[in-house]
Amino acid sequence: MRDALNEALRAVDQVLLGKQQAVRLAVACILAKGHLLIEDLPGMGKTTLSQALARVMGLSYQRIQFTSDLLPGDILGTSVFDRNNAQFVFHPGPIFAELILADEINRATPKSQSALLEAMEEGQVTVDGATRPLPDPFFVIATQNPVSQSGTFALPESQLDRFLMRLSLGYPSMAAERSLLLGDARKIRLDRVEPVLNRQQLHALQQAVPDITASEAIVDYILRLVSRTRESQVCSWGLSPRASLGLLAASRAWAMMENRGYVIPEDVQAVLPSVVSHRLRAIEDPSGHGGGGLAQWLLNEVPAV
Amino acid sequence: MKAYGLIPRNSLAWLLIAQIVVLLPQLPRLPFWVAVLWLSCALWRIQIQRMRWGYPGIISKVIALMVVVVGVFTSQGTLIGLDAAVMLLLLLFMLKLLEMRTPRDALVVIYLGFFIVATAFLFNQSIFLAFYQCFSMLVLVAALVGLQQTPGRNDPARAFRTGSVLMLQAIPLMLVLFVLFPRIGPLWAVNAPGSQARTGLAESMAPGDVADLARSGELAFRASFDGDIPAHRDLYWRAMTLTRFDGRRWSHSSFSSAGPPGDWQPRGEQLDYRIVTRASHQPWLFSLRGASSEDEQVLMTQDFMVRAKRPISQAMAYRVSSRPQSLLDPDGLDPLQRRINLSLPEGSDPRSRAWAAQLRETHDDDAALVQALLTHFNREPFHYTLRPDLLGQHTNDQFLFDTQRGFCAHFAGAMTFVLRAAGIPSRVVAGYQGGEVNPRGDYVLVHQFDAHAWVEAWLPGQGWVSVDPTFQVAPERIERGLQEAMRGEGSFLEDSPLAGARFRSIGWLNNMRLAWDDVNYQWQLRVLGYESERQLEFFRRWLGTTDWQRIGIFLLVAVAIVMLPLALWTLRPQKRSNDPRKQAWNQLNNRLKRLGLQARNGEGPRDWQARLVAALPGQKSQLNAFFDDYVMLTYGHSGGKPDKMLTSNLTKKRRALQRCLPRKLPPGATRVLD
């Protein structure tokens, strides 16, 4: 099964060139049963990544383009009156899929945003009084465009906290871009990707993550990190217990991907920037979410051993 | 510290607590409306915090300021002077609450609080207040700590704990500075605060005044003798002479005390003693007969008294030497003094004058006349009482021939009158007689009820001679004190049923009272009395120098000695862990540090291992063996400590690694590290 995981990573890397680290973090996020927020410029491969992941994992895939006139019903589905049977029939919305790409989530109104985010948190949706469960591996990749913020509704801190990780893909390296330009079109590469895992295997992998050993030493390290953000005068506020739980889960998933049965500080350090940077805000920067520098500061500040 | 943002709720609570703690010792001195003002300011500030009310506007602030200024003026009668200034400061300190928007404003309030803690000592320097103000400081420090806490970690109890630790750490420094820091004289003199009327000797005496004083159980002063304490009957504490008589009152005349001391011949044994007085707001000091003092604060006067250079506004300690057998002015009085000490008002007390003339006829010798008068007091049915009858126009006549009941002031006044009428220069001496010996501290406690008046007559060849008519009437007063003298009458401290001195007969209570008084006395003597004189004495005795430069060096050295252990404790290297894995890790890293190899901040074990292998390729296998074992033991186990065998294995691998480490880093290795 580990081989299958490595195979899957390689397959995604074939599509998204030169972004191994981001791909591994995204997979770790799935394994830790967390949702992913990708913040990057248009055209950096956000959609490609999510589509490749869905194909490799053998998941059903839906893409929702968030716009300012999107309504919660457009996400969750609506009941339509059926004349023949003289009753309402529920037409499920795009959210009833295993992997959702919520594109440009900050373009929609808060009402629609929270419809999605509630579904993410609860794993079920309630429409017209009837509660319907979402499919079991249920995984949301939301994207955000950091520039041209006019006419957008930035996600508040409470909703950012729902995402386990925030990634930024960034420009590819020169070599990767060269092979991108010389090689086949993305669409063709994407079609070439075969499912490596199936639903049961993914489920089994997700179930195995909590069994990875997290020793007292590693828990102490996580506690040191978290309490540092709470006590220091650099952050506006500290990390929540949900953040420390997420950090531990992501570290375990990372250790599993490293084929190790236990977590070491390097695992924590690998996932920490993407897990905490969107949850922190520097005191000198009252409006922004540029927590990247804070994550680096935190890693340098807290002794690992 | 955030310079912007709101004051957190917990910090505000601490601030309000700190403010009330700081204000509490000052409130009893202030009018009632001050407390009301504080309550309304606090309420307003709480309502601001709850977003019910807004901050006051500029107009309301100006009105509040004017109200405060008018309030200070009406209650103190002035805006100038220490009382008014402190009151103004306190009121503005309260009003500052309404201007406190940001944490920076709160800092100003806290710093003001420290200043106000200091101002309380201008009015009171008791041991209680000192301890209470330590507590105030603690609360202020806690408020300061609370203000620095982040909103996520806002624990009032923790702020208090941190504050206590800070205060405890400051105590050694405080002691060093108390002992060694130079006592610099005040840069400007301030008027004595709180000069409200207090019981004590007054500059004039009507019959009955001293009896009023005798109803007070307050302490007047304490005296400790270098040698044995003299007998009760010999303790005549002179404070002032009363030479002017207006027919009813005897009062002090500056003519008889203005100049330097007259002629005197020291005789008899010398008594050396130190006196600590309370703030009496009068210049009178107390001494036994034949006193001289080298104290700088003390003046000698023409009537052989000691007095302070200015009214005593705080507890004062001074040394005096006395030779009670000395002859004062034995060679003759100068004409002015003679006239002052013989003058009587026209037309008063005709019967006394007649009797004086009669005595003069029968006794040629002055000394014999004095003796005859004393004998008269002894023989006739005079009665010593705290409840004398009211006297009419000719007080001395009425007392001597009609009522014959009186207190020491009646006897002394009447005797002086008769002596002057008979042509013998004489004066009334006011002061205290006797005192209570505190066996614990071996000193004498003199209370207000020990106040006494007696007579000094000038006899040719002998100078001023002290005689005490009261002794003829009530010798137990002189031998054992007022309480014994009033035993039959039951009038001792009858107006103050709770005065400690009343309960001298209850053994344990009296012991406690004396023990407490001893603590107070030592406080006054050693802490409050540790002024520049005594400090210099201390330097001379223990450091052998009074050169300020050398003392400055001693001060710095002492501060360093005190602060060094604290600094070492605070900056001590990481605690020695009792986890064998951690120990092995620390030992290896200390060894590597000597080679110049050090893990980066926050570097994980595997990264560190990789860099080490790159730097020390020759020790690769030992390095890997140790690090693999360490990582496995530390992170591969959940819960509990690993068993001994595994940890001893780790130690073995560490030793093996350390054995093969080079003494010096091979050249080029550091480059790899960077």
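Modeller: Contact means that heavy atoms lie within 4.5 Å. By that rule Leu53(A) touches Val12(A), Ala26(A), Val27(A), Ile30(A), Leu99(A) and Ile141(A), with residues up to four places away in sequence not counted.

Biologist: What kind of model is this, and how are residues and chains labelled?

Modeller: The model is predicted, and local features need pLDDT of at least 70, side-chain atom pairs pLDDT 80 or more, while totals for chains, interfaces and linings use all residues. Residues are numbered from 1 along each chain as its sequence is written, chains are lettered from A and ligands numbered from 1 in the order written, and side-chain values use heavy atoms, without hydrogens or water.

Biologist: What makes the set around Leu31(A), Leu53(A) and Met165(A) a nonpolar core?

Modeller: A nonpolar core is a set of buried Ala, Val, Leu, Ile, Met, Phe, Trp, Tyr and Cys residues joined through side-chain atoms within 4.5 Å. Buried means under 20% relative accessible area, exposed means over 50%, and partly exposed lies in between (1.4 Å probe, protein chains only). The largest such core has 99 residues, and Leu31(A), Leu53(A) and Met165(A) have the most contacts inside it. A second, separate core has 75 residues, including Ala220(B), Leu369(B), Phe411(B) and Val418(B). In soluble globular proteins, nonpolar side chains tend to be buried together.

Biologist: How much of chain A counts as buried?

Modeller: Of its 305 residues, 51% do. Among chain A contacts between residues at least 6 apart in sequence, 77% join residues at least 24 apart.

Biologist: Why is Gln19(B) called buried?

Modeller: The relative accessible area of Gln19(B) is 1%, so it falls under the cut-off for buried. Gln19(B) sits in helix H1 (residues 9-23) of chain B; helices (H or I, at least four residues) and strands (E, at least two) are DSSP runs, numbered from the N terminus. Beyond its neighbours within four places in sequence, Gln19(B) is in contact with Trp38(B), Phe93(B), Met94(B), Leu97(B) and Val109(B).

Biologist: And why is Leu180(A) called partly exposed?

Modeller: At 25%, Leu180(A) lies between the two cut-offs and therefore counts as partly exposed. Leu180(A) belongs to helix H7 (residues 174-182) of chain A. Outside four places in sequence, Leu180(A) is in contact with Leu17(A), Arg186(A) and Arg189(A).

Biologist: What makes Phe221(B) and Tyr432(B) an edge-to-face pair?

Modeller: Rings of Phe, Tyr and Trp (its six-membered ring) pair if their centres lie within 6.5 Å; planes under 30 degrees apart count as stacked, over 60 as edge-to-face and the rest as tilted. This rule gives 28 aromatic pairs over all chains. Phe221(B) and Tyr432(B) are 5.7 Å apart centre to centre with 75° between the planes, so both conditions are met. Phe221(B) lies in strand S2 (residues 219-225) and Tyr432(B) in strand S15 (residues 426-433) of chain B, so the pair ties together parts 211 residues apart in sequence. Phe626(B) and Phe627(B) also form an edge-to-face pair, at 5.6 Å and 90°. Phe626(B) is buried at 0% relative accessible area, and Phe627(B) is buried at 0%.

Biologist: Which residues form one aromatic cluster with Phe221(B) and Tyr432(B)?

Modeller: The other members are Phe225(B), Trp237(B), Tyr273(B) and Phe286(B).

Biologist: How do you know that the charged end of Arg29(B) sits over the ring of Phe123(B)?

Modeller: The rule asks for NZ of Lys or CZ of Arg within 6 Å of the ring centre and within 35 degrees of the ring normal. The charged end of Arg29(B) is 3.5 Å from the centre of the Phe123(B) ring, and the arrangement counts as sitting over it. Arg260(A) sits over the ring of Tyr262(A) at 5.9 Å.

Biologist: How do you know how much area is buried between chain A and chain B?

Modeller: Buried area is the accessible area (1.4 Å probe) that two parts lose on being put together, summed over both. Here it comes to about 2,000 Å², with carbon and sulfur atoms giving 52%. Tyr262(A), Glu266(A) and Val305(A) supply 30% of what chain A buries against chain B, more than any other three residues. In contacts, 25 residues of chain A meet 26 residues of chain B.

Biologist: What is unusual to note about the phi of Asp349(B)?

Modeller: Asp349(B) has a positive phi of about 50° although it is not a glycine. Asp349(B) lies in the loop between H9 and helix H10 (350-362) of chain B, and it is buried at 0% relative accessible area.
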